[in-house]
Amino acid sequence: MAEELYEISKAAIDAARERLHAISGDIWNHPELNFHEHHAHAVLTKFLEEEGFDVERKFVYDTGFRASYGDGQPTVVLVAEFDALPEIGHACGHNLIAQVALGAAIGVKAAMENTPRGKIVVLGTPAEEGGGGKLGMIQQGVFDDVTCALMAHPAPDNKFDCDGDIFSAATMVKVAFKGKSSHAAAAPYDGVNALDAAVMAYNSISCMRQQLRPSYRVAAIITEGGLAVNIIPELSRMEVAIRAPSKQEVLLLLKPRINACLEGAARATGCELQIEWLSFMLDNMISDPLLVDLYGRHASSLGVEESQQTGSVFTASTDMGNVSQVVPSIHPIFSIGDSSCRNHTRGFAELAGSDTAQPFTMDQSRILANIAIDVLLHPEWIPVMKHNLKSRLESDAAKAAADAL
Ligand SMILES: [Zn+2]
Ligand SMILES: [Zn+2]
């Protein structure tokens, strides 16, 4: 039966090709920043309503939505992102993520019309770029009755199993060093130099990097360092972002070392230190092995193969990582036709809006639709995936505890 449903799904997705392209083009032409995706919210919800989905607009956020078809369990969520970046527009290709979800939803719905099983949901999640939009949805219980959550993200290469080594846990801290101003020539000895503190903290962090594991990332910038060269700076500010393959490593191994660098610099210079860690944290991605296996099988059947890794490994963070810690999930990355183009560049923005990206994006809709059909046909997988996630969380916690000793 599954083969027949895949065919129905594929036919429905292919028949919607022009409209899917038009809608992602429309979003690409109207780039909107996190929590301000009003145009995308309007066009995506209109499309899904016209396709027969039960649409809840302004869901959790002004620009969030939930569109459902069917009832009961299993419940498969297709995650749509649609926000853009400042200045460089859709340089992360979220217009294509929305397209993938819409296309897959159309396919699954067409298949379910013949064989009603469970529920398919398109979840419109705003503010992936820096806003952590999915976290509010998790807190409000949106994923409580969800069997699994699927999405696919455009990138330079194809990679099916994108776990914490690709989508790391991340958090950041805003730092202020407060010193004392004085005339830089007349009485420098009366001052307490806040810029020195920031420079020392930066240098300590730089030295520390050599002793970090290769999968860890620390980025630091000094955002304020004085007002005039003849005044000893009384205030400096910096920001530090930290990433590691698991949230436990971020919290237990990296964060204390960053705090030590900051405290050391404050102590050495006599500055007062103010640190403000981000109130939320992006968790590392946990890929469900059953879903990864299904993804690989359906990708191969469509001729989509994993890229041979040639250059540096793609590393990023996403609020889908947080989702993956509460429901079984996948977040594969897919090439859109030019592996020399990297996310968050003007070149990638051009590519995400081009015709070149379209056949790759259409393939992802077909793959995710087939996975959703599989899950809907196999409610006995629900406890299997739940068990996978539970044992993975337990083993991650045990590993982190051992690392921290
Ligand atoms: Zn991005
Ligand atoms: Zn992105």
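**Reading burial, metal sites and a helix**

Student: How should I read accessibility here, and what is the relative accessible area of Ile-231?

Tutor: Ile-231 has a relative accessible area of 34%, so it is partly exposed. The general idea is a three-way scale: buried means under 20% relative accessible area, exposed means over 50%, and partly exposed is in between, with a 1.4 Å probe and protein chains only. One caution before we go on: this is a predicted model, in which local features need pLDDT of at least 70 and side-chain atom pairs count only at pLDDT 80 or more, while totals for chains, interfaces and linings use all residues. Residues are numbered from 1 along each chain as its sequence is written, chains are lettered from A and ligands numbered from 1 in the order in which they are written, and side-chain values use heavy atoms, leaving out hydrogens and water.

Student: Where is Ile-231, and which residues does it touch?

Tutor: Look in the loop between strand S8 (217-224) and strand S9 (235-244). Helices (H or I, at least four residues) and strands (E, at least two) are DSSP runs, numbered from the N terminus. A contact means heavy atoms within 4.5 Å. Leaving out residues up to four places away in sequence, Ile-231 touches Ser-181, Ser-182 and Ala-184. The C-alpha atoms of Ile-231 and Ala-187 are separated by 9.7 Å, although the two residues are 44 apart along the chain.

Student: Let me try another residue. Is Val-250 buried or exposed?

Tutor: Val-250 has 0% relative accessibility, so it counts as buried. This residue is in helix H7 (residues 247-269). Among its contacts, not counting residues up to four places away in sequence, are Ala-169, Ile-242 and Met-281. Val-250 also has its C-alpha atom 8.7 Å from that of Tyr-216, 34 residues apart along the chain.

Student: Does UniProt have something to say here, and which residues does it list for "domain: Peptidase M20 dimerisation"?

Tutor: The unreviewed UniProt entry lists residues 172-250 under that name. UniProt positions are given in the numbering used here, feature names are shortened, and annotations may be inferred rather than shown by experiment. In the model, the end C-alpha atoms of residues 172-250 lie 10 Å apart, and the span is 25% helix and 32% strand.

Student: Now the metals. Which residues are the protein donors of the zinc ion (ligand 1)?

Tutor: Donors are N, O and S atoms within 2.8 Å of the metal (3.2 Å for Na, K and Ca), and water is not among the atoms, so sites may look incomplete. For the zinc ion (ligand 1), the protein donors are Cys-92 (SG), Glu-129 (OE) and His-344 (NE2), at 2.0 to 2.2 Å. Their spacing along the chain is C-x36-E-x214-H. Distant parts of the chain are linked by the pair Cys-92, in the loop between strand S3 (75-80) and helix H4 (94-114), and Glu-129, in the loop between strand S4 (119-124) and helix H5 (133-139), 37 residues apart. Cys-92 counts as buried at 8% relative accessibility, and Glu-129 counts as buried at 15%.

Student: What about the zinc ion (ligand 2), and which residue coordinates both ions?

Tutor: The shared residue is Cys-92, and the two zinc ions are 3.1 Å apart. The protein donors of the zinc ion (ligand 2) are Cys-92 (SG), His-94 (NE2) and His-153 (NE2), lying 2.1 to 2.4 Å from it. Their spacing in sequence is C-x1-H-x58-H. Here, too, a pair links distant parts of the chain: Cys-92 in the loop between S3 and H4, and His-153 in strand S6 (residues 153-155), 61 residues apart. His-153 counts as buried at 6% relative accessibility.

Student: How many disulfides does the structure hold?

Tutor: A disulfide is a covalent bond between the sulfur atoms of two cysteines. The cut-off used is a pair of cysteine sulfur atoms within 2.5 Å. The structure holds 0 disulfides. Cys-162 is in none, as the nearest cysteine sulfur, that of Cys-92, is 13 Å away. For Cys-271, the closest cysteine sulfur is in Cys-261 at 16 Å, too far for a bond. Cys-162 is buried at 0% relative accessibility, and Cys-271 is buried with a relative accessible area of 9%.

Student: Last one: which residues of helix H2 are buried?

Tutor: They are Leu-20, Ile-23, Ser-24 and Ile-27. These residues cover an arc of only 90° around the axis (taken from the directions from the helix axis to the C-beta atoms), which puts them on the same side of H2. On the other side, Glu-18 and Asn-29 are exposed. The buried residues pack against helix H1 (2-15), helix H3 (38-50), H4 and helix H11 (358-377).
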